[in-house]
Amino acid sequence: MGSTQALFSASLISPDVAGSLPHGFTIRSLERGDYTKGFFECLQVLTWTGDVSEADFVERYDEMAEAKGTYYFAVIEYDGRIVGTGALVVEKKFIHQRGKCGHIEEISIAKEHQGKGLGLTMIKALDSIAVNLGCYKNILNCGPRNEPFYVKCGYRSSGMEMSHYFESERDEYHRG
């Protein structure tokens, strides 16, 4: 099932941002064959993923690829392994002259690579993708524990997140 088919063009990521990574690290689009490169192990630093098979991964990847202009999932790779993830989901609106708003999701850096600036680089990469796509802003939701990190990335508090869950109550790690 492995494939190097990319979810989006590498040209959407600013070359300055891509070039700012430490030696040996690369940032790129999620690829159809990334299941075997530790993608889910990296995501599990952030939250519970469930038991996702390679076929499940490929099915979701294909759904994202078919929704052209919506999903921009980026990964940071080091030594053949995925060590960072982040997604930009583009919402097309009627307001702001039919503008586009980016939603930042699933920022996760492998524990052994935290503290190297990879999270900041991922946010900058997703911001550059949003700018290149014509988004008028990016937004994200985070808990108070992560707010200082996102402030360092140039984000600011601009309201209150509200949620209405449709699944049974779970602990914080297992709740989306």
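These are my notebook entries on what I looked up in this predicted model.

**Entry 1: the sheet**

I started with the strands. I found an open sheet of 5 strands, in the order β1-β2-β3-β4-β5, with mixed pairing. The edges are β1 (25-29) and β5 (135-139), and each of these pairs on one side only. From one strand to the next, the twist averages 20 degrees.

Then I went through the neighbours. β1 pairs with β2 (residues 71-78) in the antiparallel sense, over 5 bridges. I looked up two pairs here: F25 has Y78 of β2 as its bridge partner, and R28 stands opposite V75, also in β2. I also checked how covered β1 is, and 4 of its 5 residues turn out to be buried.

Next came β2 and β3, which run antiparallel and are joined by 8 bridges. A74 stands opposite G86 of β3. The two strands form a hairpin with 2 residues between them. I paused at D79 in that turn, as its phi is positive, about 55 degrees. I jotted down the background: most residues other than glycine have a negative phi.

β3 and β4 run antiparallel too, again with 8 bridges joining them. The pair I noted there is T85, which stands opposite S108 in β4. A reminder to myself for reading these strands: in a regular strand the side chains alternate between the two faces of the sheet.

**Entry 2: helix α5**

What lies across the sheet? I found α5 lying across β1, β2, β3 (81-92), β4 (100-109) and β5. Its direction is at about 30 degrees to β3.

I wanted to know whether the length of α5 fits its residue count. The helix has 16 residues (118-133), so at 1.5 Å a residue it should span 22 Å. The C-alpha atoms at its ends are 22 Å apart, which agrees.

Which residues of α5 are buried? My list reads L118, G119, T121, M122, I123, A125, L126, S128, I129, A130 and L133. A general point helped me read that list: an α-helix has 3.6 residues a turn, so residues three or four places apart point the same way.

Just after α5 I stopped at G134, where phi is positive at about 90 degrees.

**Entry 3: around α4**

Helix α4 covers residues 95-98, and Q97 is in it. Phi of Q97 is near 55 degrees, a positive value in a residue other than glycine. Is Q97 buried or exposed? Its relative accessibility is 78%, so I put Q97 down as exposed.

R98 is in α4 as well. Here phi is near 60 degrees, another positive value in a residue other than glycine. With a relative accessible area of 67%, R98 is exposed.

K93 sits in the loop between β3 and α4. I checked what its side chain does, and a polar contact of 3.2 Å joins the side chains of K93 and E91. Leaving aside residues up to four places away in sequence, K93 touches R98, G99, C101 and Y136.

**Entry 4: S14**

Back towards the start of the chain, I looked at S14, which lies in the segment before α1 (15-18). The S14 side chain reaches the backbone nitrogen of D16 at 3.2 Å. Why does S14 count as buried? Its relative accessibility is 18%, and the cut-off for buried is under 20%.

**Entry 5: cysteines**

How many disulfides does the structure hold? I found 0. To recall what I was looking for: a disulfide is a covalent bond between the sulfur atoms of two cysteines.

I followed up on C142 and C153. For the sulfur of C142, the closest cysteine sulfur is in C153, and at 10 Å that is too far for a bond. Starting from C153, the closest cysteine sulfur is the one in C142, with the same verdict: 10 Å, too far for a bond. The sulfurs would have to lie within 2.5 Å to count as a disulfide.

I noted the surroundings of both as well. C142 has 32% relative accessibility, so it counts as partly exposed. C153 has 12%, so this cysteine counts as buried.

Definitions and conventions. Residues are numbered from 1 along each chain as its sequence is written. This is a predicted model: local features need pLDDT of at least 70, side-chain atom pairs count only at pLDDT 80 or more; totals for chains, interfaces and linings use all residues. Side-chain values use heavy atoms; hydrogens and water are left out. The expected span of a helix is 1.5 Å times one less than its number of residues. Buried means under 20% relative accessible area, exposed over 50%, partly exposed in between (1.4 Å probe, protein chains only). A polar contact is a pair of N or O atoms within 3.5 Å; within protein, one must be able to donate a hydrogen and the other to accept it, and residues adjacent in sequence count only if both atoms are side-chain atoms. Two strands pair if DSSP finds at least two bridges between them. Axes are lines fitted to C-alpha atoms, for helices over the stretch in contact, and angles run from 0 to 180 degrees between N-to-C directions. Contact means heavy atoms within 4.5 Å.
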